Every structure is written in structure tokens, then in C-alpha cells.
Amino acid sequence: MRKLSIIIPAYNEQDRIVGTLANTLNYLKCQNFDSEVIVVSDGSEDHTKDVVLKFRGNKKISVRVLEYHPNRGKGFAVRYGILRAGGDLLLFMDADYSVPIEEIEKGIVLIDDGYDIAMGSRTASESTLTCHQSRIRELSARCYTFIQNCYLGINYNDTQCGFKLFKIQAAKELFGKQKLDSVIFDAEILWLAKQSGYKVAEFPVQWTHAPDSRIRYDNLGKCIFVFQELFKIRKIHGKAG
């Protein structure tokens with residue numbers, strides 16, 4: 001019987017993590033496989049850890065919280081959880097519950113069809129966006145994706161959606177090689193997946209924009225940082241150019 005690990009990176013999420021965990025655990029309790037939920041408190045300065053500790057699983061579901069200080073970045077948090085997870089399938093999802101846990105079923109179908117990685121895409125034709133980001137942010141995302149795909153030689157419509165499912169072998173190998181701690185780690189992981197020959201598929205999701213995002217790139221300096229991180233990927237893995 002397979003086991004699912006769900007990794008949730010969290011930074012100062014004492015409020016939103018409550019609904020996310022409640023919905024996730026309610027879903028898992030109806031499934032016929034074992035599972036674990038790992039919340040990684042990424043240097044939180046609020047009561048995220050204490051809130052998570054109040055949740056209980058059952059014989060088939062465990063709930064853990066890992067915490068360290070100081071804040072290291074989303075990429076570090078996801079890697080920290082992935083490398084400590086024990087499931088056959090590993091999903092990382094955002095703490096704001098922008099994608100409902102039920103959407104994992106689409107990813108599992110793709111994994112069962114032979115893919116190593118199945119990732120949610122907000123831009124897929126069948127995706128449902130119940131609350132959009134601003135037009136400027138959506139346009140910026142499209143521009144970033146175009147530049148990213150050209151630079152890395154990949155071809156995905158949405159690499160930044162925080163809902164990705166991995167077979168254990170792919171997860172452990174790729175996150176073991178990951179070097180970026182920022183939000184651009186998704187692009188790094190997918191580039192590494194291409195280098196290693198892993199099969200990747202995108203699937204449509206229901207997605208709701210969380211206006212109080214912990215990750216904001218709303219000024220020139222932060223935008224420059226994103227591209228600085230992106231253009232590091234080939235270099236730090238010995239593939240200059």
C-alpha cells in the first residue's frame with residue numbers, strides 16, 4: 001500500500017494553516033492509504049508551530065511540524081520537508097490552500113500513468129481561477145515564464161504553482177541536488193528533472209489567489225532578485241551560459 005507525504009512550507013501562518021490542515025486531514029481520513037502531513041515552519045515569528053501541534057491524525061495519518069530559525073526561504077523549507085518525508089508519493093502544497101487538496105487526484109492519475117512529477121497549472125485550459133491576481137502580476141508571471149523557459153530549455157506553462165506531486169525517487173534525487181532557497185527553486189527542480197530524464201506533466205487545478213501572500217515581488221528590487229536567482233541555475237550546477 002502506498003503512503004503519501006504532504007509537505008507544507010509555512011512562514012507566519014498561524015491563522016491560515018488552521019483551515020488548510022482541517023481540510024487536508026478531513027480529505028485524508030476518507031482515503032484508503034497511509035499519509036503524513038509535515039508542516040515546515042520556516043523561521044516563523046508567530047504561533048504557527050503551536051497551532052499545528054494541536055492537530056491530531058489517527059492510525060493512518062500522522063501530523064508533524066518541523067521548525068528552525070531564522071527564516072531561510074520557501075525553497076529551503078520545501079527541501080527540508082521533502083528530505084525528511086517517508087512517503088512513496090510526496091506532494092508539496094502552499095499553506096494558504098490556494099489549491100484544494102482534492103486536486104491531488106488528478107496528479108495521482110498522471111503518476112500512475114508513468115510520470116515521475118505531476119504539477120498543478122493555473123494556466124491549463126481546464127483550470128478554474130476563482131480569484132485572479134492583479135493584471136500586472138499575471139502579465140509579469142507570463143513574461144517571467146517565457147524568459148525562464150527560453151533560458152532553461154524547458155516548456156511549461158506554469159512552474160510557480162505551489163502544488164507538485166513527486167514519486168519518491170525523483171523527489172529525493174532532485175531536492176538532494178537543489179541549491180536555491182528562494183521561490184525560484186521550482187524552476188531549478190524542473191531543470192534538474194530535465195537533466196535527469198524524469199517525465200513531467202502539468203494538470204489543471206482549481207485555484208484561488210490569496211491576497212495576503214507571504215511572497216511579494218512588488219518592487220523593482222525584488223523583480224531583479226527573481227531574475228538573478230533564475231540566471232544562477234545553470235551556473236551553480238556547472239552549466240554556464
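**Group meeting talk: salt bridges, ring pairs and a surface patch**

Hi everyone, let's start with Lys232, which has a relative accessibility of 37% and therefore counts as partly exposed. A quick reminder before I go on: this is a predicted model.

So who does Lys232 meet? Its side chain forms a salt bridge with Glu229, at 2.7 Å from N to O. Glu229 is at 5% relative accessibility, so this partner counts as buried. Elsewhere, Arg72, Arg79 and Asp181 are joined into one network by salt bridges that share partners. The salt bridge count for the structure is 11.

Two more of these deserve a look. Glu36 and Arg64 form a salt bridge, with their closest N and O atoms 3.3 Å apart. Glu36 sits in strand β2 and Arg64 in strand β3, so this pair links distant parts of the chain, 28 residues apart. Buried or partly exposed? Glu36 is buried, with a relative accessible area of 4%, while Arg64, at 31%, is partly exposed.

Those two strands are also paired directly: β2 (residues 34-42) and β3 (residues 61-68) run parallel and are joined by 8 bridges. Arg64 turns up here again, as the bridge partner of Ile38. Add helix α2 (residues 48-53), and β2, α2 and β3 make a right-handed β-α-β unit.

The other salt bridge is Asp186 with Lys164, at 2.8 Å between the closest N and O atoms. Because Asp186 belongs to helix α7 (residues 185-196) and Lys164 to strand β7 (residues 163-167), the pair ties together parts 22 residues apart in sequence. Both Asp186 and Lys164 are buried.

Now to the rings. The structure has 12 aromatic pairs. One of them is Phe92 with Phe175: the centres are 6.5 Å apart and the planes at 85 degrees, so this pair is edge-to-face. Phe92 is in strand β4 and Phe175 in helix α6, so the contact ties together parts 83 residues apart in sequence. Phe92 and Phe175 are both buried. Ring pairs also link Phe92, Phe166, Phe175 and Phe185 into a cluster.

Tyr144 and Phe227 make a tilted pair, with 5.9 Å between centres and 55 degrees between planes. This one ties helix α5 to helix α8. Tyr144 is buried at 7% relative accessible area, whereas Phe227 is partly exposed at 25%.

Last stop, the surface. Phe146, Ile147 and Phe231 make a nonpolar patch of about 300 Å². Ile147 lies in helix α5 (residues 135-152), and its 33% relative accessibility makes this residue partly exposed.

Thanks, and I'm happy to take questions!

How values were computed. Residues are numbered from 1 along each chain as its sequence is written. This is a predicted model: local features need pLDDT of at least 70, side-chain atom pairs count only at pLDDT 80 or more; totals for chains, interfaces and linings use all residues. Side-chain values use heavy atoms; hydrogens and water are left out. Patches are made of residues with over 30% relative accessible area and no salt bridge: like charges are joined within 9 Å, nonpolar side chains (Val, Leu, Ile, Met, Phe, Trp, Tyr) within 5 Å. Accessible areas come from the Shrake-Rupley method with a 1.4 Å probe; for residues, only the protein chains shown count as cover. A salt bridge is a side-chain nitrogen of Lys or Arg within 4 Å of a carboxyl oxygen of Asp or Glu. Helices (H or I, at least four residues) and strands (E, at least two) are DSSP runs, numbered from the N terminus. Buried means under 20% relative accessible area, exposed over 50%, partly exposed in between (1.4 Å probe, protein chains only). Two strands pair if DSSP finds at least two bridges between them. A crossover is right-handed if, with the strands pointing away from the viewer, the path from the first strand over the helix to the second runs clockwise. Rings of Phe, Tyr and Trp (its six-membered ring) pair if their centres lie within 6.5 Å; planes under 30 degrees apart count as stacked, over 60 as edge-to-face and the rest as tilted.
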